[in-house]
Amino acid sequence: MSRGLHAGAYPAMTFLMSDPFFFGYGSLVNRNTHSYPRAARATVKGWAREWKKSRLRKVVFLTAVEAPGVEIDGLIAAVPGADWVALDERERAYERLPVSEITHEHSERTPVEIYRARADHIEEVNEGHVMLLSYLDVVIQGYLREFGEAGVERFLATTGGWEVPVCDDRQHPVYPRNQELSLAEMARTDSAISMLGLQVTPIEDTVWWQP
């Protein structure tokens, strides 16, 4: 079930101190979903997360949203040579914005950018939208490995838009960068779903899914 797709691979390259960084706050926190170099834990101020409904498909997606006084954990990593093409393609429903307040584990000070959903991709009306369990698994696995149990709790507390059903696609993952999870990691996602009171629906009941 593990695929670990990479947004970009940069073997044997010389990285410049001036390389820009991105701040990942969802699947990009899970290092198995990409191979961008010099990754490090970070916290950004003035932002939160929210699940948004897409005009393009019936699966909600996670975006950063401006939130004064709020801070969120995530992962920064370098974009060698400022070559954003592959990452922009992965995040094609988003726009990149500069981050002004951030702390991280690197001694270097470099520009950091964050992805926010483009307004033309957001659908305000819920017409059968669902959250993919395979995607939520990847995000929670990333936070659990980087920030531990407290990090998962902070992720849940600083993320809004949980009002959609969860499509149980664990056995037939729809998310292309799905990962293998330990039993403990799966149990942590299940615990979060239970705590939030989310409805879980079988993938067979999702009309757009094709095996």
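Student: Which does Val112 count as, buried or exposed?
Tutor: This is a predicted model, where local features need pLDDT of at least 70, side-chain atom pairs count only at pLDDT 80 or more, and totals for chains, interfaces and linings use all residues. Residues are numbered from 1 along each chain as its sequence is written, and side-chain values use heavy atoms, with hydrogens and water left out. Buried means under 20% relative accessible area, exposed over 50%, and partly exposed in between (1.4 Å probe, protein chains only). Val112 has 5% relative accessibility, so it counts as buried.

Student: How confident is the predictor, as a mean pLDDT?
Tutor: pLDDT is the predictor's confidence in each residue, from 0 to 100. Over residues 1-16 it stays under 50. Yet 90% of the protein's residues reach 70 or more. The mean pLDDT is 88.

Student: Which element holds Val112?
Tutor: Helices (H or I, at least four residues) and strands (E, at least two) are DSSP runs, numbered from the N terminus. Val112 falls in one of the strands. That element is strand 6.

Student: How far apart are the C-alpha atoms of Val112 and Ala77?
Tutor: Along the chain, these two are 35 residues apart. In space, their C-alpha atoms are separated by 8.9 Å.

Student: Which element gives the most to the largest nonpolar core?
Tutor: A nonpolar core is a set of buried Ala, Val, Leu, Ile, Met, Phe, Trp, Tyr and Cys residues joined through side-chain atoms within 4.5 Å. The largest has 56 residues, and Phe23, Tyr25 and Phe155 touch the most other members. Several elements each supply at least two residues, including strand 1 (21-24) and helix 3 (183-196). The top giver, with 11 residues, is helix 2.

Student: Where does helix 2 bend?
Tutor: Helix 2 has 25 residues, and a straight helix would reach 36 Å at 1.5 Å a residue (1.5 Å times one less than the number of residues). Its end C-alpha atoms are only 18 Å apart. The bend is the angle between axes fitted to the seven residues ending at a residue and the seven starting there. Helix 2 bends by about 130° at Phe147.

Student: Which side chain makes a polar contact of 2.8 Å with that of Thr158?
Tutor: Thr158 sits in the loop between helix 2 (133-157) and strand 9 (159-160). A polar contact is a pair of N or O atoms within 3.5 Å; within protein, one must be able to donate a hydrogen and the other to accept it, and residues adjacent in sequence count only if both atoms are side-chain atoms. The partner of Thr158 at 2.8 Å is Arg49.

Notes
Contact = heavy atoms within 4.5 Å.
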